[in-house]
Amino acid sequence: MDQFLTFGIVGLSTAAIYAVIGSGLVLTYTTTGVFNFAHGAAGMLSAFMYWQLTVGWGWPVPVALVVVLLVLAPGFGLLVERFVLRPVQALGEAERLVMTVALLSGLIATARWIWDPNVARPLPMFFAARKPIHLGPAVITWHQAITMAVAVAVAIGLRILLYRTRAGAEMRAAVDDRALVGLTGADPVRAGRVSWILGTQLAAIGGILIAPTVTLDAAQLSLLIVSAYTAAVFGRLRSLPLTFLGAVVVGCMESYLTGYLPQNEYLPGLRLAAPAFLLFLALLVFPHRRLRGRERRLARVPVPTARGTLVFAAVVIAFGAVLASLLGEADLITYGAIFSLGVVALSYVPLAGYAGQVSLCQLSMAGIGAVVWGHLGAHGQLWALGAAILVSAAAGALVALPALRLSGVYLALGTAAFAVILDRWIFGIPAFHVFGLRIALFDQGSVDVSGPRLFGLRLDSGRELMVFAAVCLALASIGVAALRRSRFGRRLIALRDSEAAYATLGGNLLVAKVAVFALASGIAGLGGALYGMQQRTVTADQFSLIAGLPIFLVAVVGGLGAVGNGLFAGTAFVAPTNALIAIAPGTANLVALLPGLAGVGLGHNPDGIVSRFRRQWEPLARDRIALPILLCVLALAWALRFTDVINDWTYYGGSLVIAAALRAWASARQAEPAEPEIPVEWWGLRRAWRPEDEEVLARGVAAG
Amino acid sequence: MSALLELRGIRAAHERITVLHGVDLDVAAGQVVALLGPNGAGKTTTLRVAAGVHPAESGQLVLGGRDMTGADPRDLARAGVCLIPEGRGVFPNLSVRDNLLMMTFTGRSREEIEEIAFARFPVLARRAGQAAGTLSGGEQQMLALARGLTTDPAVLLLDELSMGLAPLVVGRLYEQVGEIARQGVAVLVVEQFAAAVLDICDHAAVLVRGRVERQGHPDGGLRAELSALYLGSST
């Protein structure tokens with residue numbers, strides 16, 4: 001009984017922290033309409049700051065608290081509001097979601113960069129020297145008591161602010177209709193600022209309170225947020241009392257699982273994954289209201305031409321072949337991921353680009369593909385690659401079933417929970433037998449993966465595998481382009497534009513969603529198998545949620561609708577970071593920031609970089625003089641490099657410079673002489689009416 | 001009678017397409033002016049420019065003799081311009097009471113505002129705790145119109161008050177509009193149902209393709225020309 005009480009008190013004090021963090025989430029969501037994935041990371045950063053001030057520099061605790069809570073946290077909240085969220089305020093939910101995901105991965109990278117993760121940083125509890133309080137048989141430490149008191153104070157304070165003051169009403173009104181807030185004499189920007197300041201402060205309080213009870217580790221602290229997400233979802237992201245109830249359920253469950261979960265080799269991961277499980281369940285059980293508000297502009301999905309797609313596929317293979325011919329064995333493993341992770345990134349195009357389903361578990365699907373191939377394809381049988389794709393597709397279909405009830409931010413949360421369940425629990429369990437069939441995962445360590453056997457040839461060297469991966473990426477890109485041009489592709493875009501309209505027109509939501517999830521997971525599984533082949537051995541860590549976030553970010557930056565995204569995301573994710581590390585080895589932590597920064601840059605280029613690249617390079621591709629020159633120069637440069645006449649840097653740098661110069665020349669040659677701007681209403685009078693004018697006018701009117 | 005709201009040569013565009021080509025309009029205190037015209041004539045844009053929600057490319061917006069060209073919607077609201085936008089001008093996720101709380105920016109207390117609004121629209125009192133998005137269309141429009149009553153505006157701009165409402169409800173709402181005007185408020189009304197509004201307005205202007213084609217007293221002459229103007233046969 002005493003044990004039960006002790007675990008209960010530990011659970012309640014953890015619950016109090018989740019409640020504080022969760023209510024911060026609810027606050028920013030109800031007042032800005034943004035679900036802040038980086039909320040926990042802000043708390044993590046505050047905890048590190050607090051450690052730095054108190055333990056690192058020896059400041060007195062009250063001073064450090066004031067500095068962190070009243071200076072640093074509000075300042076950080078203002079920065080985030082101004083530079084991260086305001087640029088994407090008018091864009092869709094996916095873009096706003098991406099910004100906070102970018103922030104999450106950027107903050108983890110920053111913390112690891114500033115504070116070396118290999119140094120232990122213990123934080124003392126509050127009033128650790130005082131004797132604990134005895135209440136009957138129960139013992140409560142001062143830290144626990146303070147934590148609970150803070151949670152209650154936060155609850156009361158927030159309730160009064162949001163529902164009893166005009167400032168609170170303004171903040172909630174700004175989510176409903178920003179324009180109307182201006183008409184009622186209030187400033188929507190100020191309302192947003194206030195809620196970011198408050199939200200960050202709440203995260204900071206939570207971070208500082210929880211840090212002494214766990215290890216101060218960037219990723220682990222940021223992911224404690226999963227428990228707070230669960231609490232917030234209990235409150236349906238709106239209700240503070242239900243959020244507190246949710247926090248109590250999660251906190252106590254974690255505590256009692258620690259105390260009473262039977263000890264065997266299959267279950268320890270379950271305790272770690274329990275909040276994610278509960279999150280998944282809560283998402284499914286509680287009905288969710290869609291946030292009412294204005295329809296946002298949806299990005300257009302370009303239709304690739306058949307010829308352009310084939311040319312692109314040829315370029316991918318040529319790129320792979322050139323790299324394979326020039327790189328050393330170690331570099332082949334590093335840069336081979338351009339193509340295998342490119343395939344994983346390509347899986348976002350049908351799923352998120354066409355069907356508008358934001359999934360954060362694509363890399364986990366890749367992990368399933370890698371494991372299946374590793375076990376079944378040990379002798380390189382090609383059918384095992386098919387099996388890897390099919391098993392991943394089946395897992396994807398499994399995710400799609402609950403996902404039918406979810407959309408937008410809830411879907412992102414659900415898939416994130418799925419990824420956490422996989423990497424904390426499922427990937428960690430040892431091999432087991434079902435109906436006499438041995439099912440093995442990562443064997444609680446690493447799995448050896450070997451290359452495939454193709455037409456009697458064993459592809460085993462890094463060189464062969466890189467070309468094989470490039471061919472797979474080319475084929476997958478052709479497949480996705482064909483999907484865009486097909487009836488099913490148009491259906492998916494219709495589904496993205498309006499699920500209700502899609503269903504009214506006789507479309508079957510279940511079939512379409514399951515199909516697109518299965519398809520995307522199959523592609524990701526293929527990518528995972530290729531990645532495994534190149535890496536030779538894989539571990540569960542390589543396929544965790546945190547590892548997958550940067551790939552998602554780079555894919556969004558590339559533009560989810562573009563088929564060229566696979567090559568772009570793979571290259572942009574793998575090449576610059578590794579090249580930077582090669583130049584300056586000290587920057588290893590700094591480069592981890594890059595995807596985060598790239599995500600933040602999204603606000604300035606919402607349609608994606610791939611489509612801009614395409615526009616910029618198209619003149620060169622169509623030029624009958626410049627293109628052959630370019631091909632000849634590239635071939636010559638390759639020959640020089642292959643015979644070791646020039647070095648790597650001259651080759652890659654020189655090729656880029658020559659290509660850029662030819663592009664500029666080609667576009668200058670093709671540019672029509674600039675004509676004076678003629679006002680729209682004079683079109684057809686002062687200059688001839690053009691066939692495309694009607695389209696321009698129609699789009700202009702629709703946008704207004 | 002000097003005008004309270006003056007629009008002088010307003011030009012405005014949606015991206016590259018100019019929709020207002022120099023609109024001149026005066027609304028005097030206590031006057032109801034109807035702004036009529038076919039779809040796409042620029043009626044809503046005119047109101048949005050007057051409330052500062054849409055930027056004017058050129059021209060002047062004068063409020064009570066003060067030049068307010070280019071002012072923020074917030075500043076215009078505080079200076080006494082009240083736009084009830086098309087659709088429902090309420091915050092759907094806020095309760096009726098919180099919606100009324102949003103009207104306290106002129107310095108009136110919450111209690112006073114509730115008193116005025118509930119006296120004029122008793123049904124709102126029964127729905128005080130309910131989310132505004134769950135009210136019926138007419139009730140939502142009443143709540144939106146309550147902003148025009150409780151914030152003592154100098155100028156009231158109404159956009160399609162009748163949208164999606166039963167004719168009986170529309171009639172009652174326009175009775176309230178007439179009453180607001182009698183208290184000395186300048187009212188500019190945009191309306192599709194020309195007949196409904198011609199009966200209560202003092203002055204009407206017909207906007208066709210971004211220009212005021214005809215304005216004057218809403219007498220038989222203007223009524224007769226209206227259909228020709230709507231159908232565009234006069235140009």
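Let me begin with one residue, A:Arg536, which is partly exposed, because 15 other C-beta atoms lie within 10 Å, a count between the 12 or fewer of an exposed residue and the 20 or more of a buried one. Please keep in mind throughout that this is a predicted model. A:Arg536 sits in the loop between helix H22 (509-535) and strand S8 (537-539) of chain A, and what draws attention to A:Arg536 is a positive phi of about 75°, although it is not a glycine. As background, most residues other than glycine have a negative phi.

Chain B offers a second case, namely B:Glu160, with a phi near 50°, again a positive value in a residue other than glycine. B:Glu160 is found in the loop between strand S7 (155-159) and helix H7 (167-182) of chain B. Is B:Glu160 buried or exposed? B:Glu160 counts as buried, because it has 20 C-beta neighbours inside 10 Å, and 20 or more is what the term buried requires.

Let me now step back to the layout of chain A, for which the domain assignment gives domain 1 (2-285), domain 2 (307-578) and domain 3 (674-703). Between domain 1 of chain A and domain 2 of chain A, the C-alpha centres are 33 Å apart, and the two domains touch through 26 residues of domain 1 and 26 residues of domain 2. Which elements give two or more residues to the side of domain 1 of chain A that touches domain 2 of chain A? They are helix H4 (93-114), helix H10 (225-234) and helix H12 (268-285) of chain A, and of these H12(A) gives the most, with ten residues. If we sort the residues on that side of domain 1 of chain A by character, we find 22 nonpolar, two polar and two charged.

The last part of the picture is the contact between the chains, which takes 23 residues from chain A and 26 residues from chain B. On the side of chain A that touches chain B, at least two residues each come from helix H6 (166-176), helix H7 (178-183) and helix H30 (693-703) of chain A, and it is H6(A) that gives the most, with six residues. The residues on this side of chain A divide into ten nonpolar, five polar and eight charged, and I would ask you to set that division beside the 22 nonpolar, two polar and two charged residues on the side of domain 1 of chain A that touches domain 2 of chain A.

Conventions:
Residues are numbered from 1 along each chain as its sequence is written. Chains are lettered from A and ligands numbered from 1 in the order in which they are written. This is a predicted model: local features need pLDDT of at least 70, side-chain atom pairs count only at pLDDT 80 or more; totals for chains, interfaces and linings use all residues. Domain bounds come from an automatic or database domain assignment. Two residues are in contact if their C-beta atoms, placed from the backbone, lie within 7 Å. Helices (H or I, at least four residues) and strands (E, at least two) are DSSP runs, numbered from the N terminus. Ala, Val, Leu, Ile, Met, Phe, Trp, Tyr, Cys and Pro count as nonpolar, Asp, Glu, Lys and Arg as charged, and the others, Gly among them, as polar.
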